[in-house]
Amino acid sequence: MPEYLSPEQARSFYDRFGERQDWQRWYEGPALRELIRAGDFGSAHAVFELGCGPGALAAELLGEHLPEDAQYLAVDISPTMVELAGKRLAPFGGRARVLLTDGGLSFDLPDGSFDRFVSAYVLDLLPPERITEAFREAHRLLRPGGKICLLGLTEGCTVASRAVVAGWRLARRINPRLVGGCRPLHLIRFANAADWRWESHRVMSAFGVPSEVLVMVRH
């Protein structure tokens, strides 16, 4: 069985998953709050989100943290997620756009278009070479001084979280679709030191699920 989900398999899984992704807030919540804090979104006027899911993070940022003139562009591979996110972000009118992608990580957007590049629990689905590609595209899309704000499943940091990770790895070996293709990794290892300046890096555990929160500044 392939180690990673293909874009078509990922699309099929998350189309079926749909609104249930919101239920994951029970373990994602603390790490998302830390990402929002460390990302300093109050000074951001253009945000790009890779893999927005049903749009919960985008709605929270637009409604509570971003300046009133901030523009938000979110993309996702799942038509179901794009539809859900579009409905959720409709109250923000022209400030928010949600686009369907084909799974590629190169976007037809000008260099230096954004102040923030955000991705939560997405890169941990991808093969290593595609994670590296995502970092390169984030660097291209961000203005100098802009920030990449990432969140993903990581290695256990407590007894409970190590047990959860061990079970997660076992399920993934049986079939990656059982865990949506995600696996624990260290996102910081994919960052080229020549491209990024480290700003905030934390590993947090909620209900035994460990998450890595990484914020870096573009050189």
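# A walk across the sheet

Start by selecting residues 71–76, strand β2: this strand is mostly covered, with five of its six residues buried. Keep in mind as you go that this is a predicted model.

**Out from β2**

Now add residues 46–50, which is strand β1. β1 and β2 run parallel and are joined by five bridges. For a landmark on this side, click leucine 50: its bridge partner in β2 is valine 75. To see how the chain gets from one strand to the other, show residues 56–65, helix α3. The path leaves β1, passes through α3 and arrives at β2, and this β-α-β crossover is right-handed.

Which strand does β2 meet through another five bridges? Select residues 96–100 and you have it: β3, again running parallel to β2. Valine 75 is worth keeping highlighted, as its bridge partner in β3 is leucine 99. Then bring up residues 79–89, helix α4. Together β2, α4 and β3 make a right-handed β-α-β unit.

**The whole sheet**

Zoom out and colour the strands. You're looking at an open sheet of seven strands, in the order β3-β2-β1-β4-β5-β7-β6, with mixed pairing. Which strands sit at the edges? They are β3 and β6, each pairing on one side only. Look along the sheet and you can follow the twist, which averages 15° from one strand to the next.

Back to β1 for its pairing with β4: the two go in the parallel sense, over three bridges. Pick phenylalanine 48 here and you'll find phenylalanine 117 of β4 standing opposite. While the sheet is in view, turn α4 back on: this helix packs on the sheet, touching β2 and β3, and its direction makes about 170° with that of β3.

**A glutamate under cover**

Next stop, glutamate 137, in helix α5 (residues 128–141). Is this residue buried or exposed? Its relative accessible area is 8%, so glutamate 137 is buried. Show what surrounds the side chain: leaving aside neighbours within four places in sequence, glutamate 137 is in contact with Leu105, Ser106 and Phe107. Draw a distance to the backbone nitrogen of phenylalanine 107 and you should get 2.9 Å from a polar atom of the glutamate 137 side chain.

**Salt bridges**

The count for the model comes to eight salt bridges; here are some to visit.

Select arginine 202 and glutamate 34, whose side chains meet in a salt bridge at 3.4 Å, N to O. Arginine 202 is in strand β6 (residues 196–206) and glutamate 34 in helix α2 (residues 25–39), so this pair ties together parts that are 168 residues apart in sequence. With a surface on, compare the partners: arginine 202 is partly exposed at 40% relative accessible area, whereas glutamate 34 is buried at 6%.

Move on to arginine 143 and aspartate 115, another salt bridge, this one at 2.6 Å, N to O. Arginine 143 belongs to strand β5 (residues 142–153) and aspartate 115 to strand β4 (residues 114–120), so the two tie together parts 28 residues apart in sequence. Here arginine 143 is partly exposed, at 33%, and aspartate 115 is buried, at 14%.

Then try lysine 147 with glutamate 199: their side chains meet in a salt bridge at 2.7 Å, N to O. This pair links distant parts of the chain, with lysine 147 in β5 and glutamate 199 in β6, 52 residues apart. Lysine 147 is buried, with a relative accessible area of 10%, while glutamate 199 is partly exposed, at 29%. Before leaving, add Arg37 to the view: salt bridges that share partners join Glu34, Arg37 and Arg202 into one network.

**Two backbone oddities**

Finish with a look at phi. Tyrosine 121 lies in the loop between β4 and α5, and its phi is near 55°, a positive value in a residue other than glycine. At 12% relative accessibility, tyrosine 121 counts as buried.

For the last selection, go to phenylalanine 207, in the loop between β6 and β7 (209–218). Phenylalanine 207 isn't a glycine, yet here too phi is positive, at about 55°. Is phenylalanine 207 buried or exposed? Its relative accessibility is 65%, so phenylalanine 207 counts as exposed.

Note on methods:
Residues are numbered from 1 along each chain as its sequence is written. This is a predicted model: local features need pLDDT of at least 70, side-chain atom pairs count only at pLDDT 80 or more; totals for chains, interfaces and linings use all residues. Side-chain values use heavy atoms; hydrogens and water are left out. Buried means under 20% relative accessible area, exposed over 50%, partly exposed in between (1.4 Å probe, protein chains only). Helices (H or I, at least four residues) and strands (E, at least two) are DSSP runs, numbered from the N terminus. Two strands pair if DSSP finds at least two bridges between them. A crossover is right-handed if, with the strands pointing away from the viewer, the path from the first strand over the helix to the second runs clockwise. A polar contact is a pair of N or O atoms within 3.5 Å; within protein, one must be able to donate a hydrogen and the other to accept it, and residues adjacent in sequence count only if both atoms are side-chain atoms. Contact means heavy atoms within 4.5 Å. A salt bridge is a side-chain nitrogen of Lys or Arg within 4 Å of a carboxyl oxygen of Asp or Glu. Axes are lines fitted to C-alpha atoms, for helices over the stretch in contact, and angles run from 0 to 180 degrees between N-to-C directions.
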